[in-house]
Amino acid sequence: MKTLKKLLWLAAVLLCIVSCSKEEVTEKVIEVPEGKVLVETEIVVDGVIQSKTRASSNAGYTTGDGLYDSGDKVIVAAVANEGYELAAFYDKKYPSTNLGTSYEFPAAEPRTFKAEFARKYTITVSASPTAGGTVSGGGTYRSGKPCTLTATPNAGYTFDGWYEGSTKLSSNTSYSFTVSSNRTITGKFNVEIIEITIGFEQWEDQNNHYYKLSSSEPVTTDITVKQWIYYKEENICEGIIEYEQDILIEVTIPKGKTSAETYVNISVGQCTLTSLICTEKAIKLWDGKIINGAKYKSSSNGLGGWY
């Protein structure tokens, strides 16, 4: 008898488990009483069906579905939650007709409405440095939508590329992609490098020795050249050196200018022969320097004695 009771108890337990499982996996079928009209809704998030009837999800929810008497006024609506937007709301029989956020109609026949929600993402763009130019195209976009970023360099700058962190995405001023996440993208600009040639020249006028520093373009910083020369006075009548000295010649082109000059005045007697000999190639120190968007180089064309 005890064994029989145990078997009956186990059978009851198994029957309950099977019944519960069936209820969980079988989609509920709404019984529609005679004279009633069924209105249903579906929610789709990023292309995936979420639920039916009094539908709600993290993306949003619908209202207005249920059983109605024929002729009743029905208002169905779809509402997006924060971080999502309603991409489309329509009767499944007429998927090409978007109903907006709500729709009113008289109950006459069973109808099913579909609300399609899409996640929204923020695309943040910035320019670096801000003086380098402008960037556009950032904002809030629906998942799966295209986004195009555009960069416009300011005068004196060139566009380097689009970067996400340390990763370079593109070197083009226009960059397009399909939105699938929040992104922070930087448009980087570089100072436009121009080449400026600088050179020295010297000439004599009676007792004055002139020294001129010049550049091919207005310089972007003060350009100073210090040049040591060896000065000697030789008495050719007696065949002796009467005087010798190292002289420092310094010339500076101010920022924004293209030339500057200086001179040395030398007064000597009739039997005196003077000579000035360059002893240092100071102007060469500017070769290859990049300052404020300009790359400098020296030139000796027609500028003898200083190179």
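This passage describes the fold, the cores, the strand pairing and the salt bridges of a predicted model.

The protein has 307 residues, and 31% of them are buried. Its secondary structure comes to 1 helix and 23 strands. Contacts were considered between residues at least 6 apart in sequence; 60% of these join residues at least 24 apart. The accessible surface is about 18400 Å². Carbon and sulfur atoms account for 50% of that surface.

Strand β1 covers residues 36-45. Of its 10 residues, 8 are buried, so the strand is largely enclosed by the rest of the structure. Two pairings of β1 can be described. With strand β4 (residues 66-69), β1 runs antiparallel, and 4 bridges join the two. Val37 has Tyr68 as its bridge partner in β4. With β8, β1 runs parallel, through 7 bridges. Here Val45 stands opposite Phe117 of β8. Strands of a sheet pair through backbone hydrogen bonds, and both parallel and antiparallel arrangements occur.

A separate group of 3 strands forms an open sheet in the order β9-β11-β14. The pairing in this sheet is antiparallel. Its edge strands are β9 (133-136) and β14 (174-178), each of which pairs on one side only. From one strand to the next, the twist averages 10°. Strand β11 spans residues 146-153 and is joined to β9 by 4 bridges. One of the residue pairs here is Gly133 with its bridge partner Pro153 in β11.

The loop between β8 and β9 contains Pro129. The peptide bond that joins Ser128 and Pro129 is cis, with omega at about -10°. Ser128 also appears among the contacts of Thr186. Thr186 belongs to strand β15 (residues 183-191). Its relative accessibility is 18%, so Thr186 counts as buried, the limit being under 20%. With neighbours within four places in sequence set aside, Thr186 is in contact with Ser126, Ser128, Gly161, Trp162 and Tyr163.

Nonpolar side chains tend to be buried together in soluble globular proteins. In this model, the largest nonpolar core has 21 residues. Those with the most contacts inside the core are Ile198, Phe200, Leu213, Ile223, Ile249 and Tyr296. Six named strands give two or more residues each: β16 (194-205), β17 (208-215), β18 (223-235), β19 (240-253), β20 (259-265) and β23 (294-298). The surroundings of Ile223 illustrate the packing. Beyond its neighbours within four places in sequence, Ile223 is in contact with Ile198, Leu213, Val251, Thr252, Ile253, Trp286 and Tyr296. Apart from this core lies another, of 17 residues. Its members include Val45, Leu99, Ala115 and Phe117. Two of these residues, Val45 and Phe117, also stand opposite each other where β1 meets β8.

The structure holds 8 salt bridges. Side chains of opposite charge can pair when their charged atoms come close. In one of the salt bridges, Arg111 pairs with Asp91, and the closest N and O atoms are 2.7 Å apart. Arg111 lies in strand β8 (residues 111-128) and Asp91 in strand β6 (residues 84-91), so the pair ties together parts that are 20 residues apart in sequence. Both Arg111 and Asp91 are buried.

Lys93 and Glu109 form another salt bridge, at 3.7 Å from N to O. This pair links distant parts of the chain, 16 residues apart. Lys93 sits in the loop between β6 and β7 (102-106), and Glu109 in the loop between β7 and β8. Lys93 is exposed, with a relative accessible area of 53%. Glu109 is partly exposed, at 38%.

A further salt bridge joins Lys168 to Asp160. The closest N and O atoms of this pair are 3.3 Å apart. Lys168 is partly exposed, its relative accessible area being 37%.

Conventions. Residues are numbered from 1 along each chain as its sequence is written. This is a predicted model: local features need pLDDT of at least 70, side-chain atom pairs count only at pLDDT 80 or more; totals for chains, interfaces and linings use all residues. Side-chain values use heavy atoms; hydrogens and water are left out. Two strands pair if DSSP finds at least two bridges between them. Axes are lines fitted to C-alpha atoms, for helices over the stretch in contact, and angles run from 0 to 180 degrees between N-to-C directions. A nonpolar core is a set of buried Ala, Val, Leu, Ile, Met, Phe, Trp, Tyr and Cys residues joined through side-chain atoms within 4.5 Å. Buried means under 20% relative accessible area, exposed over 50%, partly exposed in between (1.4 Å probe, protein chains only). Contact means heavy atoms within 4.5 Å. Accessible areas come from the Shrake-Rupley method with a 1.4 Å probe; for residues, only the protein chains shown count as cover. A salt bridge is a side-chain nitrogen of Lys or Arg within 4 Å of a carboxyl oxygen of Asp or Glu.
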